[in-house]
Structures are given as structure tokens and as C-alpha cells.
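Open the model in your viewer and keep the selection tool at hand. The stops below say what to select next and what is there.

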Amino acid sequence: MSAAAAAPDPGVRCGRRLPGPSRRVRLRRSLSVRCAEARQCTDALIGIALHATATAASGAEHGGTHGARRAHGDVAAPRHTDIPERVPGTARGRLRVLPFLTARRAPTVAAPVRALKRLPLIVAAALLTPAAALAVAELVVTDADRLAVYREFRTAFDAHRYSDALPLATKLVELTEEQYGASDRALVNPLCNLGTTQYRLGDYKHAEDSYVRSVKIAADTGGNGDRLLLRPLHGLGATYYATRQFEDANVTLQRALDLSRNLDGLLNPGQLTILGPLIGSLVSLERHSEADREFQYAVRVAESAWGSTDPRVVRPVDRYAHWLEHMGRYPSARAQYARALTVGEGAGTRAARLVIEPLLGIARTYRLEATNGNEEEGAQYADPFAQSGFGMTSERSPRGLNPDGEKALLLALQTIDRMRPVDHQVRGKTLMELGDWYLCADQTDKSLARYREAWKELEQAGSTAPLDEPRQLAYRAPASSVTRSPLAERTNAEEHSVEATFTVTRDGHVTNVTTNSSDASTGQQRLVLVAVKRARYAPRLLNGEPAETQGVTLMEKLLTKKPRQS
């Protein structure tokens, strides 16, 4: 028994002055023992991270003894002092399951009030018969009750049985409320776990409610710099992102990112799962310079945490390469794909899978650069892929396609064919890229043959959805487009849109282009229509054969300077 529990009770001392055995003395002694046992709370429930790749961890909640005073005169919550606190980064503080986050309970004056509320039940249990006392005791929620429910919940959650985990998560919240109150700090993790379960089930509305409540309790009881805020902030921001509330997602995730960096350092790898939806929000808000900065920061964090040659670096580098490709910066994108290829080649047994995506990206940037032009024409860029020895030729096809792109695709196909078992999904995707290459090179027969092969591979994989609709292969947007205009980062620009409708033929050409809706000027509409007519699409496949598609649409956003106010 702890020192706090062993201290004599004043009431018992008074009772000992009574001559002979007394019912009053026995009652007070029983009450003192029960209060001491009530102080021995483990409160070891842990919060589940929204994404399993996060690595942050810290200890279970334990505080001082019942009635003890903290540094600033606040009354600490009841906790068992003999249980050591888990420290972040130690073997005692880690689990092999999903990472968790708890924190020391903040000083509060509500704990003695809750203890007093439970006293009538304890007194009643002492006065009643043993059977009746046991029935009353069962009405009091204990940490053991909550821990048993949590273990059931965690078993279902870890098995991805989220429908089974949901009622258990709800029950855990209810038990915690009954034991500690509706605004106690002990509710932060159970609410966060409930929100994560609802998020996994796609119930974003209720997930948002759970996360908001968790954030409020953590901030009210521990302040805005409390570690316990990290998980619910991340979950709330990801929920906003999933429901396309991009501005709210950006604000919330930026708050979580700042907290992560303040607590664990500027380059801690735990922030990578926060950076993902944050970057997605910035891209959706068309805040391109901020998105580019965060992409680079993610790569820097990964390299700092694991080293520049670690296979875990491939994912953030690949994401950054895709972003550069999306922005039309094809040489820079190709340089990042080549970087990922180099890391993947040194990954040992995992090399085969890690090199496929970079090879496809290298080929795609060659194709897009030839058909769409290069947004980095004003700068001098060395081609690291060509210099690596894979392809040294500078000859071009009649359409300006670099043969290194085709070689990269064929190499990826050979790598896939050596894998056992063969991944039909990946092989189908690679055949689609090869068909795209031949179509843009005006080799229609070779292209359609590759598309047919791709359709068969995807059918074996279980879904031909990637070939069910036309796919844009080449499109050079007008200079006033938001993706190309220098006004994109300025505040003195106003946005207009043009929606074009057209037909994609079975060989990928565009015909019957018309304007469906627009608030742009006639001149701007004409520029968009010309750009759409020059576009090239991969045709959709119907039962494995190319088919014409009518009613295809394209939305183009254009920027113009705001008129001067007189």
C-alpha cells in the first residue's frame, strides 16, 4: 500500500477513543480502506492514432495522491503514486500495436467532488447485507471495467472490424463519463478512439463531433501546448479534408503540425502523417507555393529521420515528383523519379516493387514534356536519368518523344514479369502507360494492342475501372490558366471558368468541341476550345475493345487582372 493510503484517517482516530468495539469505528475503518483502494487508478487506456504509420508515443496517465497539492496550489487528481509513469521513447512507454498518446492528468479541483459523489454508494455498501453490498458495488464504474471494454474494442479495431468496434468505443466513452465526469481529461483518448472508428467507417459527421469534443476537453484542461491535443487535432483535420472543408483542414492540421514540431522537434518523422492531408488541402486551395514548400519539407524530414538511401524515403520523394509533374515541371519531376529509382535499386529484396513507380514516372514525364511543353524552359536542367547510363541517346521520335521513356516502360514490364506471383494490377497499369506512349507517338495499332492486353490483366486483377472512361494524355492549357498564369499567387486577380463538352474517338482524338457553360470573355472561351481540340485522350474500353465516348467534359479555370477602381 502506498504512503498516502497508509496514512491514518482522522475519523478513525476519533473512533478509537470509544470504549470497546463500535459499529461506528468499523464503518469508518472500512470507509478509509475503500477510499485508499479508490485512489489506485491505472487509467491505462490509450489513444489510437488515425494512421498506423505515425510513431509518436508517450506514457499512461498517472498523477499524485488524492488530495495532494501541486506546484501552483492546484489539487491533483486521484492517482496511485506507486505506479511509475511511462516516459516517451522508452521500452516501457511503447507498444507493438498502433501508436498511442496520453499525458499526465492536469491539476483539477473536480476530483474530490467526484469522490464525494461516490461516497453514498460506498457507505450504503458497508451498511447493507453482503449480497446487497455487492449489488451496490457493481454500480460503481472502475478502471478495470473500462480496461476490459478497451481490450475488446482494440481487438475488433486491430482486426479492421470497425462495425464491431464502434459500439465498444461508444460504451468506453459512456463508462469514462460515468466514472470521471463529462468534461474530464480522461475522456480525450476514448473520444479520439471513437472519432477514429467513425472516420474509418466513413461517418465523417459524427467523427467530426467526437474529435471536436476531444480537442475542447484537452485544450481546456491542459492548454494549447498539451501533447494530448495532437491526436484529436490530426483526426479533426483529416476529417475536414475528407469532407472537402479544405480551409478548416488547413488551419487545424497546421495547428497540429506546429504542436508536433514544438513537442518533438522540427524534423520528427511523426509529422509526416499530418503533412499528407495538409499538403492535399493546400493543393485543393491552389496555394501552390505553400504546397511545394511542404512537399520539400516532407522529403527533408524523411531523409533526416532515416537517411537519404533508406527505402522509406521513396514515398515522400515519389509524392513530390508527382506534384512537380502535375505543375508541368517535367525535368524537375524526372530528377525526383530518378532519385527514387536510385534508392529503390538499393533496397535488396524490395527493389523490384520499389523501382516500378519511378520507371513509370520517368517515362510519363518524357511523354508529357513532348506533348505539353515544359514549364521550366527558361532554366537549364541536367537530365539525371539520361546521365545514369540507362539511355544516353538524344535522338527523338518524329513527335519529339525521347526513346528513354519507352525503354523505361519496357524495363518496368520485364521487372514485373520476373516477380512471383505476377501482380496483374501493376502489370495492367504498366501496359496502359505503354499504350499511352505509343498513342502519343502516333503508333495507334501498337497502342490499341497494349490497351487490350492491359484490359485482360486488370480483368484478372478484379476490376477494369481504370479503362472504363477516357483518360487525358496530352493537354496544353492556355497561358491564362490557373496552372500556368503568373497571377496565380497574386491577390489582384479574378477567376473565370469555361466548361467544354466534346467527343473522344476510339483512337483518342477530340471532336465536336462546344462550350457548355462559362463566365469568361469570348476571347478566353476561344482559347480554351482551341486547347481542347489539340488534346489527346486514351479511349475507353468496352469489353476489351476501344469505344467512342460522347459528352466528355473539361473545366478550365482562367485568371485575369481585376479592373482598376477609379
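Select Asn543 first: this residue is exposed, with a relative accessible area of 65%. Asn543 is in the loop between strand E5 (540-542) and strand E6 (545-547). The model is predicted, and in it Asn543 has a positive phi of about 55° although it is not a glycine. For background, most residues other than glycine have a negative phi, and most peptide bonds are trans.

Go next to Asp442, in the loop between H19 and helix H20 (444-461). Asp442 is not a glycine either, yet its phi is positive, about 60°. Is Asp442 buried, partly exposed or exposed? Its relative accessibility is 45%, so Asp442 counts as partly exposed.

Now select Arg420 and Pro421. The peptide bond from Arg420 to Pro421 is cis, with omega near -5°. Pro421 belongs to the loop between helix H18 (403-418) and helix H19 (424-440).

Zoom out for the whole chain. The protein has 21 helices and seven strands. Of its 566 residues, 48% count as buried. The protein exposes about 27,600 Å², and carbon and sulfur atoms supply 52% of that area. Among contacts between residues at least 6 apart in sequence, 67% join residues at least 24 apart.

Select helix H11, residues 246-264. How far apart are its end C-alpha atoms? They are 26 Å apart, which agrees with the 27 Å that 19 residues should span at 1.5 Å a residue. The buried residues of H11 include Phe246, Asn250, Leu253, Leu257 and Arg261. Color helix H10 (230-242), helix H12 (272-284) and helix H13 (288-306) as well: the buried residues of H11 pack against these three helices. Just after H11 comes Gly265, whose phi is positive, near 105°.

Stay with Arg261, one of the buried residues of H11, and add Tyr297. The charged end of Arg261 sits over the ring of Tyr297, 4.1 Å from the ring centre. For another such arrangement, select Arg334 and Tyr366. Here the charged end of Arg334 sits over the ring of Tyr366, 4.1 Å from its centre.

The remaining stops are aromatic rings. A pair of aromatic rings is described by the distance of the centres and the angle of the planes. With centres within 6.5 Å as the rule for a pair, the count comes to eight aromatic pairs. Select Phe153 and Phe157, which form a tilted pair, 5.7 Å centre to centre with 45° between the planes. Where do these two residues lie along the chain? Both are in helix H6 (residues 143-158), and because they are four residues apart there, about one helical turn separates them. Phe153 and Phe157 are both buried. Add Tyr150 and Tyr162 to the selection: ring pairs link Tyr150, Phe153, Phe157 and Tyr162 into a cluster.

End with Phe295 and Trp323. Their ring centres are 5.5 Å apart and their planes are at 25°, so the pair is stacked. This pair links distant parts of the chain, with Phe295 in helix H13 and Trp323 in helix H14 (residues 314-326), 28 residues apart. Phe295 is buried, as is Trp323.

Technical notes: Residues numbered from 1 in each chain as written. Predicted model: local features only at pLDDT ≥ 70, side-chain atom pairs only at ≥ 80, totals over all residues. Heavy atoms only, no water. Buried < 20%, exposed > 50% of the residue type's maximum accessible area, 1.4 Å probe, protein only. Contact = heavy atoms within 4.5 Å. Areas by Shrake-Rupley, 256 points an atom, 1.4 Å probe, with all protein chains shown as cover. Expected span 1.5 Å × (residues − 1). Phe/Tyr/Trp six-rings, centres within 6.5 Å; stacked < 30°, edge-to-face > 60°. Lys NZ or Arg CZ within 6 Å of the ring centre and 35° of its normal.
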